[in-house]
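Trainee: I've got this one open on my screen. Can we go through it together, one piece at a time?

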Amino acid sequence: MRTIITLICAGLPVGAMYALQAMGIVLVYKTSRVFNFAQGAIGMTAAYVAHELGVAIGLPVWIAFFLALAFAGALGMVMERLTIRPVKGPLPRTIVTLGWLLLLRGAVGWRFGEEAARAPLQLFSQTSFALPGTGVRMSIEQAAILGAALLIALGLGAYFRTSNFGTAMRAVADDVPAARLLGLKVDRINMVAWGLGSMMAGLAGILLSPSLGALTTTGLVVLTIQALAAALVGGLNSLPLTFAGGIGLGIAQKLVTNWWHPPGSADQAVAFAVVLGALLLRRQRAVGRVGGLLPESRRVVTRALAAKRSQAGLALAGTLVVAGLVVPLIGGAQWNYNLVQMAAWALAVLSIVILAGDVGQVSLCQGSFMAMGAFAAAAAVAVHVPFGLAIVVGGFGAMAMAVLVGLPALRLQGLELAIVTLSLAFMGDRFLFLQTWITGSGSARALPRPEFTRVSTHGVAGARWYTLITFAALLLLAWGVRNLRRSRTGSAFAALRSSVEATRAMGFSATAYKLDAFAVSGFIAGIAGALFSGLVGTAAATSFDFTRSISLLAFAVIAGVGSIPGAILGGVVVMLSTLGTTSTSMSSASAGAVTTMLTGGGLIAVVALSPGGVADLIRSGADRLLRRGGEETPVEGVAA
Amino acid sequence: MPLLEIRDLAVSFGGVTAVDGVNLKVHEGEVVGLIGPNGAGKTTMFNLLTGALKAQRGNVRFRGMDVMAVSTWMRAKLGMGRTFQLVQIFQGMTVRETLIVASHRHTRSGVLADSLRMPRSRLAVRSARERADYILEFLGLGHLADTPASALPLGQARMLELGRALCLKPKVLLLDEPASGMDHKESEEFVKLLGRVRDSFGLAILLVEHDMSVVMCVCDYIYVLDFGRLIAEGFPEEIQRHPEVIRAYLGDQETQDGGERPAGSPKPETVRREGPAGSGTRAASTRTKRDCVVASR
């Protein structure tokens with residue numbers, strides 16, 4: 001009994017912080033229908049700012065605290081004004097918040113060092129006192145956190161209910177056009193909501209950081225999953241229920257971890273289960289239909305243009321073949337390394353193209369599929385399966401996982417799927433890929449690529465073979481995806497992207513085709529993961545963490561989510577970014593942080609400025625060139 | 001045996017009974033109209049028929065089998081082609097591509113064959129394309145083949161939906177207010193087109209429509225719904241004179257002012273006219289009304 005009370009007392013303050021973050025998410029969602037995935041990252045940034053001001057510079061603790069809070073609030077308002085307001089549609093806006101997640105994580109990692117632990121700002125004393133009657137001890141810090149959270153929750157609730165501004169916020173939350181007609185300044189209200197939401201994220205980040213030990217750039221970001229869980233318990237609507245959800249989750253995690261000690265963090269598994277359960281049990285689809293990932297290109301492709309385009313595609317494939325054959329033969333080991341890396345990441349982006357571009361399903365856990373592919377291949381190699389076959393085994397392993405993820409996806413769409421897959425990516429890092437039945441032991445497993453010649457694996461000849469194999473895989477799978485698009489299955493995919501109801505009316509099972517898309521995407525991602533791991537010699541989940549998953553979607557969007565050449569472009573970008581790492585004097589950690597930061601910035605810029613991505617820009621330029629020789633003038637599409 | 005037979009179908013939402021014990025038959029080659037004032041339950045009937053909604057009572061037999069437990073897409077595969085009241089055009093597709101999607105209902109090819117571009121996959125694409133082009137010509141939309149479907153004006157978008165349903169080679173065509181949003185000339189042409197569709201493809205049509213003149217022109221037999229119940233059925237000329245129908249559409253003296261039916265008045269009895277027994281006799285082949293005119297609105 002006493003243990004239980006102790007556990008509950010330990011869970012309460014932690015849960016209160018989840019609740020604060022979650023209430024920030026709900027506040028923003030209610031007014032602007034955007035799911036702020038950057039919530040955890042904002043909290044993390046605020047904690048670092050507090051550290052910088054209070055610990056490094058040495059300002060008085062409370063001044064540092066309030067300055068950091070103000071910073072978080074300002075950050076939220078800037079986010080809304082500059083990057084949310086100009087973008088239309090809930091899903092593209094949510095993608096923008098993913099960009100912010102990367103941008104903030106990268107920026108902080110660059111400034112403070114990626115994983116270098118820092119001392120958090122300590123506001124309250126950790127001296128503990130006995131709770132009267134029970135003998136259970138609680139620290140002053142825990143009590144203060146709990147009290148602060150309660151006070152804020154109650155205050156916010158009262159403010160929302162009684163003040164003029166609160167009423168205006170509720171009106172905006174209810175019906176934006178009507179609120180506008182009533183003369184409410186919707187934009188300003190949204191901006192304030194973002195500011196408030198970010199301050200709550202910052203508060204949670206600063207108050208929670210001491211109990212997590214040292215500050216790292218991942219720790220507080222991963223906490224997003226707990227905030228998501230609590231927000232979903234509250235139905236993305238009710239603040240009191242959200243608060244209860246956060247507290248409940250905090251306590252549940254303490255209780256579960258008391259009796260269950262899997263490798264890794266059971267906390268993450270609990271939070272993931274809550275996210276999944278809350279989404280599947282939801283009665284109304286409040287998150288509901290949110291439209292496509294990105295606006296459709298309305299450009300018309302005439303037959304003549306299509307023919308020329310496919311010639312251009314052939315030319316691209318030809319270039320790839322030449323690059324895949326010639327460069328490895330004349331280039332040294334480093335060139336081969338770079339090329340394989342490019343091809344593997346191009347495959348990873350391709351796996352998003354089929355899922356997000358063709359069927360319109362957003363997956364934020366492609367990195368997890370890659371990790372699964374890598375571990376499956378490593379397991380196969382461990383039982384002496386030939387390497388080439390092991391890669392295929394990797395593909396099938398990831399395919400199995402993707403289909404499992406796809407099953408709940410049948411009931412979810414748009415934002416909901418993004419939430420589940422992102423939660424899975426977080427959970428994968430801290431829990432799933434630490435389980436020994438997947439990894440063998442520890443968190444990495446050897447995946448040696450075969451020695452094709454007498455030369456050692458790292459010698460040039462062995463590397464050349466590997467380059468050829470990887471390029472063959474890339475060309476084959478890209479060809480397959482291209483075929484798929486022009487086929488019966490592709491027709492069904494494209495129909496599904498637009499209207500599930502109408503697709504069913506055409507005699508296609510939406511269920512079967514969604515699962516097909518997940519299976520194909522998982523297979524490609526698995527192959528990519530296995531090939532990349534073969535390159536570095538180890539299958540390790542750290543190569544495919546949540547940042548990687550989000551970055552992959554970012555690359556797909558930046559390059560053009562619907563485009564196969566875009567996928568290859570995405571691979572080139574990843575390769576160049578690592579090339580930049582090695583060629584400059586930066587340490588690899590800070591170069592990685594800069595890459596993450598630039599990726600995030602690029603994602604935000606592309607969604608805001610050119611939703612079709614870079615490939616679309618290139619293509620519209622190329623189309624203009626191709627058309628110049630043509631006789632046919634296409635009909636311009638009129639916006640319906 | 002009727003092609004489509006609905007027996008005692010009922011569904012309610014909360015306390016509101018949207019469809020209440022409806023019986024309806026569609027024979028092969030017939031154009032059957034389902035009319036009724038706003039909120040009569042016509043679209044709900046449609047959703048029950050296509051499987052988008054689950055009925056609480058009654059059953060639907062299609063081609064002799066009970067399809068109540070059959071999913072929407074399987075019903076489409078069995079031969080129910082439908083259009084939507086709010087057009088559901090596939091975004092980002094051209095007119096031809098839209099028709100190709102539907103034409104794939106009769107092709108066979110799986111993910112593996114498709115990604116490897118095996119002969120069966122190529123055959124599927126070719127035959128779907130042929131079917132699509134045939135329907136394009138039939139509808140006279142050939143010149144719009146490469147236009148983005150979402151750029152079509154509403155009238156043509158409805159034609160495209162009709163074409164999409166025709167590509168499925170359906171046994172019965174379910175049209176949900178196909179003429180709404182069309183101007184006078186368009187609906188006149190649409191009526192002619194429906195006649196051609198029925199004659200060329202030999203399929204049955206169940207038409208939900210608001211526009212009485214369209215319904216009177218094109219239908220062989222008409223059912224009238226009001227507040228979820230059938231209040232009348234019969235040939236067009238009978239329906240036109242039917243007192244219950246006139247009352248439902250225009251309201252009678254007592255109810256016109258009050259807006260709602262007085263609580264005391266009895267619910268309208270379903271007036272059941274047994275249609276001529278057997279199939280075919282209801283069909284237009286025995287009667288000529290090709291020369292009727294769509295009334296100007």
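Trainee: What should the 17 residues of helix α15 of chain A span, and how far apart are its end C-alpha atoms?

Mentor: Keep in mind that this is a predicted model. The helix covers residues 366–382, and the rise to use is 1.5 Å a residue. The expected span counts one less than the number of residues, so the 17 residues should give 24 Å. The end C-alpha atoms agree with that, sitting apart by 24 Å.

Trainee: How many of the residues of α15(A) are buried?

Mentor: Buried here takes 20 or more other C-beta atoms within 10 Å. The helix is largely enclosed by the rest of the structure, because the residues that are buried number 16 of the 17.

Trainee: Which residue just after α15(A) takes a positive phi?

Mentor: Look right past the end of the helix, where phi comes to about 65 degrees. The residue with that value is His384(A).

Trainee: Which residues touch the most other members of the largest nonpolar core?

Mentor: That core holds 309 residues. One of the residues with the most contacts inside it is Ala377(A), and Ala377(A) touches, among others further off in sequence, Ala390(A), Leu447(A) and Ala530(A). The full set is Val275(A), Leu347(A), Val349(A), Leu350(A) and Ala377(A).

Trainee: What share of the residues of chain A count as buried?

Mentor: Chain A has 26 helices and four strands. Among its contacts with a separation of 6 or more, 80% link residues 24 or more positions apart. Of its 640 residues, the buried share is 56%.

Trainee: Which element gives the largest share of the side of chain A that touches chain B?

Mentor: Across the two chains, 31 residues of chain A are in contact with 34 residues of chain B. The elements of chain A that give two or more residues are α19, α20, α21 and α22. That side of chain A divides into 12 nonpolar, 11 polar and eight charged residues. The largest share, six residues, comes from α20(A).

Trainee: In chain B, which strands are the edge strands of the open sheet?

Mentor: The sheet has four strands in the order β2-β1-β4-β5, with antiparallel pairing. Five bridges join β1 to β4 of chain B, and the partner of Arg7(B) in β4(B) is Asn59(B). Helix α1 of chain B packs on the sheet, touching β1, β2 and β4. The strands that pair on one side only are β2 and β5 of chain B.

Technical notes
Residues are numbered from 1 along each chain as its sequence is written. Chains are lettered from A and ligands numbered from 1 in the order in which they are written. This is a predicted model: local features need pLDDT of at least 70, side-chain atom pairs count only at pLDDT 80 or more; totals for chains, interfaces and linings use all residues. Two residues are in contact if their C-beta atoms, placed from the backbone, lie within 7 Å. Ala, Val, Leu, Ile, Met, Phe, Trp, Tyr, Cys and Pro count as nonpolar, Asp, Glu, Lys and Arg as charged, and the others, Gly among them, as polar. A residue is buried if 20 or more other C-beta atoms lie within 10 Å of its own, exposed if 12 or fewer, and partly exposed in between; C-beta atoms are placed from the backbone. A nonpolar core is a set of buried Ala, Val, Leu, Ile, Met, Phe, Trp, Tyr and Cys residues joined through C-beta atoms within 7 Å. Two strands pair if DSSP finds at least two bridges between them. Axes are lines fitted to C-alpha atoms, for helices over the stretch in contact, and angles run from 0 to 180 degrees between N-to-C directions. Lists of a residue's contacts leave out its neighbours within four places in sequence.
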